[in-house]
Amino acid sequence: MPKNLQSIIDDLRNLGTPDEFLSGRDRILEELTRVNSDYEKLNFKYERSSKEKNILSSLLTRTSADLKKVSDNLKIRAEELSTILTTIPAYVYFKDVNLNYILVNQSYAELTGLPVDRITGRSLVDIFSNYKSTAYLETEHNVIASGKEDYNIEEEIEFNGRARWVSTNLAPIRNPAGKIIGLIGISWDITERKHYESELKRAKELAEAGTMAKNEFIASISHEFRTPMNGILGLSEILKNTPLDEGQADLLKGIVSSAENLLVLVNDLLDFSAIEAGKMELDFHPFILDRVLEDVFQMMNLKAKEKSLDFSVFISEDVPKHLIGDSQRLRQIIINLAGNAVKFTDKGRIEIHIHLLKSTVDNALLRFEVIDTGIGIPPEAKDSLFKVFSRVKQNQSKLIVGSGLGLSICKKLTDLLSGEIGVESVQGKGSTFWFNLPFDLTGIKILPGEKTENTEVKLYTGMKVLVAEDNLINQKIVSFQLKRLGFEVDLVDNGQLALEKFYSCNYNIVILDIQMPVMDGYEVAKAIRVYEAGTGNHVPVIALTANAMKGDRELYLAAGMDGYVSKPFTSETLLSAIIQAETLAARKGV
Amino acid sequence: MQVKTFSSDSLKGFIQAWEENISDGFKPNATVIFASVDLDIAGISSFLKNKEVKIFGSSSCGEFLYDKAGKSITEGGLVCSMLSLEEGTFDLKMFSGKGIDSFNLGKTAARWAVQTFKKPAILVVASGLSTDGEQLVRGIQDVAGNDITMYGGLAGDDAHFNETFVFSDSAPDPQGAILMALDTSVYEINGIATSGWVSIGADKIVTRAEGNIVYTIDNQPALDVYKMYLNVRDEDLPEIGIEYPLLVRKQDESFVLRAVLNVDRKKKALIFAGTVPQGAVVTFSSSPGFEIIESTRKEVREFYNDNPKTDLLILFSCMARHNALGPTISEEIDEVWEKWSKPLIGFFTYGEIGNNYKASCDFYNQTFTLVSIKQK
């Protein structure tokens, strides 16, 4: 009973007379109203509590059931995780932020040779006493500090006296609030993989060495080819200048043609191996485009005529005459494409068109098109056309002759020259091979003596040349060619003799074979330059070489030579080399 | 700012009291009226129609008035506050929610408010059963900015959960909202929002929801889950739903309570007073023990210490508090009168809107949301 209700009862008991009763009534009513209000509140609280109790106990029961379910699921998850940890063929460990082990799997324990309970709570150095490196611990620290995973950490460590390679993935572990509370490390034994990797590496090195050897073999074999080729071509040229009857002239023509074909093959092989070996070097210099095209015309027109084909060259008027670029490679690409055109065209014509695609003050982009009316190319062959050893099969009966390297070399050359190449063709109607090349136009200066129109003129009458060459056939050829130019020729067959001759006589020019007995061409050239030192003299020295690999040029120049001629050579190339060497030597002399 | 207040239990009584209050020449230009749906609300509107008084009216789920005449907490009655405000310092407009969602209703209303005053504070009432209170708040904030000062409540209907109204001088609107815009260079408006409800049970995930309708919780029909966990009978819903809201956790570890306003028995879905996003982590919540009265009183005292002066106090108290605290609800309201002794008018709501101190405005359930209006 509420305390104030007792006081009301007491009050009521004390009410005596009706007057006293009336005077106390209002106070008692007020008290009763308040008591009633308190009662109502209490009653509400009681009822409310009963209702709440019902709802809360239901919530509690359900929540307990939920928790049990969650707990059961957690047990299952824990069991699954434990099974994974036991069966996974990896070393798994968990560490706290101080990098002490919290948990490791059985594999890890076996690796350490310690029971699991002796690992937990301890650190890496406690477990692996031989482990001295701090790098790994630093990596783990970084994972904790940065919160970033670190994968594929490889290191070689020693377990039970055996060196093993392991690869480890590290990842931070976070609590539900996202705070980093440790890390997990999973390591795999990759000793076997490392073993295979090193074997693979060795195999790769062997393969690379093999490729290198192959390239060297090709270079050296083509060198060996060139010397006899020089003989055949040179002697043929001499023979051509002797009286021959018609039958003999025909036979000679056959010999020359076969030799030239063979030379193209050898040159292709050389170029290809140079490109493959990354040794193809470009020689950018000023040149006159017309001259290049005249060469091409002279060479290809002859071949076209043999097949009764029309051959013509068209140059748009806006194409610049003077360009800077590698004219030799340009010539090579055009000749290659034009040669193919002739080869695959039986009737009709071959045309070469040159247009200006765009130009600025400093450079020009030219488009070259070689158009034929030949057999064309089947669409399916277009994609592989510029690949190595790709030869279009027209039909079973007609196998096309060639190395299969020509277009591939053109492609690689245009790539090297920052250009592009392509083909459009209609089978049976003809093909248009095109390529676009950029050329420099800045500060063009044309070297003097660009071309000697008439090679029969004896330009060098009264001039003395010293030739050192050990091969008798080559001696004959070179001296024949030099004499035609008007030179007085002194021949020696080794470097030592050449040097002695040089000391005793005055020569206008010296031509040295590179590979000679006793003293090679380089040594002779160097000795000549030493001899000349301080005199202001600089006699032009030209290398005569079968070493056609690019990069050799620098060797010749470094030895003090002024030019070189690759065997086999024609009178024209020899003359051209002499002119260029003289120009260069004139600059070097005083 | 002058304020007169009265309560009544009929249209007749209302008219009589109004006339009495203006007999001394008092000219109110605004009025705040919270009235039971059982009264002739349309009659009140039409009586005031030509009186040049702007009406801020809402149906209630119980209403209360504390003034010098006494303390009244009633059901089925009305409370009225007659205000004489300086012209040009306030304005009021009713917006129909017909054909637009709550977000766009909020945007439309806020556009008017920001055009009315450069820096308005807003009092808002909206029809409780047709409005997603959270979307209404977001819509207003979308236009007026997150730092807008805004207090209000969702209209009730004496726990019938049938139809709720807001009313002005036109016909009562079961889908509308009324905004009163106050010029903050003239009025100082502050308030608190406190609930006391606590989380209970394990976290659950809302697995399918659209707006304020929740279809599944932990992949089970939401209605089934609710009934099973709280052990409530079908016929207790939706009435009991407002007392046992879901506690929706926010990413910043704070939470809001979302009361169940209705159920869709066919789809076994729960319809809440505000948005409950799909994927939200929720728990059930328990109505607090009677001890929360003391914590509310404490918050009121702290609020008083910071804002000891006021002209008018409006309280939007959730009807669920009334259900949970019963007759003891007066103890927490009493504290307001005891501190300020200034007119306090309010009603039991189906949802509350407010800034808890300077925090940005939010939509609540189960709260005691008190706002103080004072002319500077």
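**Exercise 1. Get an overview of chain A.**

Begin with burial: of the 590 residues of chain A, 25% count as buried. The model is predicted. Now find how many helices and strands chain A has, and what share of its contacts is long in sequence.

*Solution.*
Step 1. Count the elements. Chain A holds 17 helices and 17 strands.
Step 2. Take the contacts with a separation of 6 or more. In chain A, 61% of these join residues 24 or more positions apart.

**Exercise 2. Describe helix H9 of chain A from end to end.**

Which residues of H9(A) are buried, and what do they pack against?

*Solution.*
Step 1. Set the limits. H9(A) covers residues 289-306, which is 18 residues.
Step 2. Check the length. From first C-alpha to last, H9(A) reaches 26 Å, close to the 26 Å expected at 1.5 Å a residue.
Step 3. Look for a bend. H9(A) bends by about 25° at A:Met300.
Step 4. List the buried residues. They are A:Val296, A:Met300 and A:Ala304. An α-helix has 3.6 residues a turn, so residues three or four places apart point the same way.
Step 5. Find the packing partners. The buried residues of H9(A) pack against strand S7 (310-315), helix H10 (327-343) and strand S9 (349-359) of chain A.
Step 6. Look past the helix. A:Ser308 follows H9(A) and has a positive phi, near 55°.

**Exercise 3. Follow the strand pairing from S9 of chain A.**

Which strands pair with S10(A), and in what sense?

*Solution.*
Step 1. Start at S9(A). This strand pairs with S10(A) (residues 363-372) in the antiparallel sense, over nine bridges.
Step 2. Inspect the link. Three residues lie between S9(A) and S10(A), which form a hairpin.
Step 3. Pick a pair. A:Ile350 stands opposite A:Asp372 in S10(A).
Step 4. Move on. S10(A) is also joined by nine bridges to S12(A) (residues 430-440), and the two run antiparallel.
Step 5. Pick a pair here too. The bridge partner of A:Leu365 is A:Pro438 in S12(A).

**Exercise 4. Lay out the five-stranded sheet of chain B.**

What is the strand order, and which strands are at the edges?

*Solution.*
Step 1. Check confidence. Chain B has a mean pLDDT of 92, and 100% of its residues reach 70 or more.
Step 2. Write the order: S1-S6-S2-S3-S10 of chain B, an open sheet with mixed pairing.
Step 3. Mark the edges. Strand S1 (2-8) and strand S10 (166-167) of chain B each pair on one side only.
Step 4. Take one parallel pair. Six bridges join S2(B) (residues 30-35) to S3(B) (residues 54-59). Among the partners, B:Ala35 faces B:Ser59 in S3(B).

**Exercise 5. Characterise the contact between the chains, then place B:Val282.**

Why does B:Val282 count as buried?

*Solution.*
Step 1. Note the scores. The model has ipTM 0.78 and pTM 0.55.
Step 2. Count both sides. Chain B gives 14 residues to the contact and chain A gives 15.
Step 3. Locate the chain B side. Strand S13 (198-210), helix H5 (222-230) and strand S20 (281-286) of chain B each supply at least two residues.
Step 4. Sort by class. The chain B side has eight nonpolar, six polar and no charged residues.
Step 5. Turn to B:Val282, in strand S20 of chain B. B:Val282 counts as buried because 23 C-beta neighbours lie inside 10 Å, and the cut-off is 20 or more.
Step 6. List neighbours. Beyond four places in sequence, B:Val282 touches B:Lys204, B:Val206, B:Leu246, B:Leu247, B:Val248 and B:Arg249.
Step 7. Compare sequence with space. B:Val282 and B:Leu257 are 25 residues apart in sequence and 9.4 Å apart, C-alpha to C-alpha.

Methods: Residues are numbered from 1 along each chain as its sequence is written. Chains are lettered from A and ligands numbered from 1 in the order in which they are written. This is a predicted model: local features need pLDDT of at least 70, side-chain atom pairs count only at pLDDT 80 or more; totals for chains, interfaces and linings use all residues. Helices (H or I, at least four residues) and strands (E, at least two) are DSSP runs, numbered from the N terminus. The expected span of a helix is 1.5 Å times one less than its number of residues. The bend at a residue is the angle between axes fitted to the seven residues ending there and the seven starting there. A residue is buried if 20 or more other C-beta atoms lie within 10 Å of its own, exposed if 12 or fewer, and partly exposed in between; C-beta atoms are placed from the backbone. Two residues are in contact if their C-beta atoms, placed from the backbone, lie within 7 Å. Ala, Val, Leu, Ile, Met, Phe, Trp, Tyr, Cys and Pro count as nonpolar, Asp, Glu, Lys and Arg as charged, and the others, Gly among them, as polar. pLDDT is the predictor's confidence in each residue, from 0 to 100. Two strands pair if DSSP finds at least two bridges between them.
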